[in-house]
Every structure is written in C-alpha cells, then in structure tokens.
Amino acid sequence: MDDLRRFAEDPAAWGDDFPADSVWRRVLTDRWCLLLGPVPSSTQVSRLRLDPDKVAEAIHALRAEIAARGHTSAHWHVGSSATPRDLIDRLVAHGLKPEDHLTALALTAEPPPVAGVEARRIRNLDEYVAASGITHDVFATSPDRRAEWESIAEEHFAAERRGTAARFYIAYLDGRAVGAASAVVEEGLPATIMVGGAVVPDARGRGVYRGLMRARWEDSLPAGIAALCVQARVTSRPILESIGFEPTGEVEVLLDPATC
C-alpha cells in the first residue's frame with residue numbers, strides 16, 4: 001500500500017526513463033519532477049523535496065528549464081509528502097497562485113459492471129476526436145489551449161495507438177457518445193492512473209462515469225495491474241468513494257504566472 005500511496009500522490013515521478021518516442025518528457029531530480037506534455041501548456045511540477053533555504057533557487061531553476069524547453073503554464077502539484085511542510089506558503093510568497101485542491105485516491109477492489117453503457121477504449125481517429133471534444137466541452141478548455149491539442153490530433157492519436165501516450169476511452173448511451181476519459185496503463189506500475197472523466201450534462205446520473213471507470217479497470221488487467229489511482233476534485237470524490245476508492249493524500253495545485 002505504501003507504493004500505491006506514493007504513486008497516487010506523484011505518479012509522474014515513478015519508474016524509469018520514458019521511452020524515446022513518448023509524447024511526454026521528464027526531468028527528474030532528487031528535489032523535483034518536471035513533466036512536459038505534448039503541447040507547450042502541458043507542464044507539471046511535482047514530487048517536491050526542497051531545502052527550506054533554497055525554495056527561491058528551485059523556482060528560478062524550474063522557470064529556466066521550462067522556458068528553455070519552450071513550455072508554459074507550469075502547474076505545481078504540492079502533495080502531502082512535499083517538503084518543507086510550509087512549502088505552499090513559501091510558493092505563494094514567491095508569486096505562485098493557488099488554483100485547485102485535489103485528493104489522491106486508490107481502488108484495489110474490482111468495480112462493478114454497469115448495465116446500459118458501452119464504455120471502452122477508442123478504436124479510430126474519429127472516436128479520438130469525439131472523446132477529446134467531449135472533454136474540452138465539459139471542462140470548458142480555453143480556446144487557445146483547445147487549439148493546441150486539436151493541432152496535434154493525428155499525431156497524438158498515433159501515439160495513443162502505439163502505446164506512448166495516455167489511452168483514450170469513450171462511452172455511449174443509445175449509440176450517442178456522451179462520455180470520455182483517459183488513463184496511463186503501463187506494466188510495472190503500482191496502478192493505472194486515471195486522467196479526467198467527462199460526461200455531457202444531459203447524460204449524468206446514468207452510470208457513464210462508472211462505466212468509464214470499469215473500462216479502465218478491465219483494460220488494466222492484461223498489463224498485470226489490479227488497482228486504479230486518481231487525483232480528484234471535490235466534485236468527483238463522493239462518487240469515487242461510493243465505489244470503494246480510499247483517500248491516500250492531498251494535493252494542492254498552484255499556477256506559476258511567471259511561466260504564462
């Protein structure tokens with residue numbers, strides 16, 4: 001359970017170097033993990049273990065690294081295990097802005113099947129585009145950031161197919177696409193990390209979210225994984241806990257305006 005807890009809090013810092021053809025790039029040190037996604041605005045800092053007297057130095061070094069790699073919009077994920085203990089206050093004092101609060105949760109018991117919902121991994125580019133569109137609409141992605149992702153749709157779908165990007169899932173009710181989600185499924189990880197989970201408003205309350213969860217569980221089993229992890233907003237936590245997810249930690253998300 002200890003590995004599961006650490007993984008749920010800082011999944012980007014887990015494991016060996018990423019494959020050369022991965023859509024993700026990672027800079028991992030004993031002080032922090034910098035994760036760079038396939039578009040410039042996909043930038044995350046996590047697993048923070050900083051010297052209290054060198055927080056400003058770390059911020060400066062990360063800003064320089066992010067700029068050198070052509071990335072923007074750095075989000076710092078400060079988990080329960082981050083040091084120093086008052087790191088959030090120190091980051092705010094240096095100009096970072098609190099943006100969100102997430103709870104890390106893990107599930108190790110099989111979630112129940114959901115009747116009436118067809119939820120599965122995408123099969124073609126059209127489904128990739130449909131799933132992406134649902135996610136952008138539900139989460140109100142800004143036009144600029146949506147355009148970033150749409151500009152690499154074919155490239156990103158190709159990476160999803162060859163296994164060097166997160167897997168995409170789509171859910172149907174009565175033949176209509178109404179939900180989308182993604183997940184990182186990789187042999188050797190303590191769990192599958194669920195990313196997102198979007199359901200169009202008029203389809204909520206009909207098991208779509210649970211169906212997408214079940215689809216990711218089933219997709220994980222051939223990789224030898226029988227656990228799911230997620231970092232969830234307060235709106236998703238009740239349904240996750242009702243299924244059996246257990247909290248493993250808290251994560252504060254701060255935006256660094258200097259990188260925007």
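## A walk through the loops, rings and charges

P84 sits in the loop that joins β4 (74-79) to α3 (87-93). Keep in mind as you look around that this is a predicted model. The loop is a good place to begin, since the peptide bond running from T83 to P84 is cis, its omega being near 0°.

Staying with the backbone, turn next to S73, which belongs to the loop between α2 (55-68) and β4. S73 is not a glycine, yet its phi is positive, at about 50°. Is S73 buried or exposed? Its relative accessible area is 17%, and buried means under 20%, so S73 counts as buried.

A140 offers a second case of this kind. Its phi is near 50°, again a positive value in a residue other than glycine. You will find A140 in the loop between α4 and α5 (143-151). Here the relative accessible area is 61%, and because exposed means over 50%, A140 falls in the exposed class.

Now for the side chains, and the rings in particular. How many aromatic pairs does the structure hold? There are 3 of them. One is made by F7 and W14, whose ring centres lie 5.8 Å from each other with 85° between the planes, an edge-to-face arrangement. F7 has 1% relative accessibility and is therefore buried, while W14, at 23%, is partly exposed.

Another pair brings together Y128 and F157: this one is tilted, with 6.1 Å centre to centre and 55° between the planes. The pair links distant parts of the chain, as Y128 belongs to helix α4 (residues 125-138) and F157 to helix α6 (residues 153-162), 29 residues apart. Both Y128 and F157 are buried. If you look for further company around these rings, you will meet F168, which joins Y128 and F157 in one aromatic cluster.

Finally, let us move out to the surface and its charges. Which residues gather in a patch of negative charge there? They are D16, D17, E186 and E187. To place one of them, E187 is found in the loop between β8 (176-184) and β9 (192-199). With a relative accessibility of 62%, above the 50% needed to be called exposed, E187 counts as exposed.

Note on methods:
Residues numbered from 1 in each chain as written. Predicted model: local features only at pLDDT ≥ 70, side-chain atom pairs only at ≥ 80, totals over all residues. Heavy atoms only, no water. Patch = residues over 30% accessible without salt bridge, like charges linked within 9 Å, V, L, I, M, F, W, Y side chains within 5 Å. Areas by Shrake-Rupley, 256 points an atom, 1.4 Å probe, with all protein chains shown as cover. Salt bridge = Lys/Arg side-chain N within 4 Å of Asp/Glu carboxyl O. Lys, Arg positive; Asp, Glu negative; His and termini not counted. Charge placed at Lys NZ, Arg CZ, Asp CG, Glu CD. Helix = DSSP H or I, 4+ residues; strand = E, 2+ residues; numbered from the N terminus. Buried < 20%, exposed > 50% of the residue type's maximum accessible area, 1.4 Å probe, protein only. Phe/Tyr/Trp six-rings, centres within 6.5 Å; stacked < 30°, edge-to-face > 60°.
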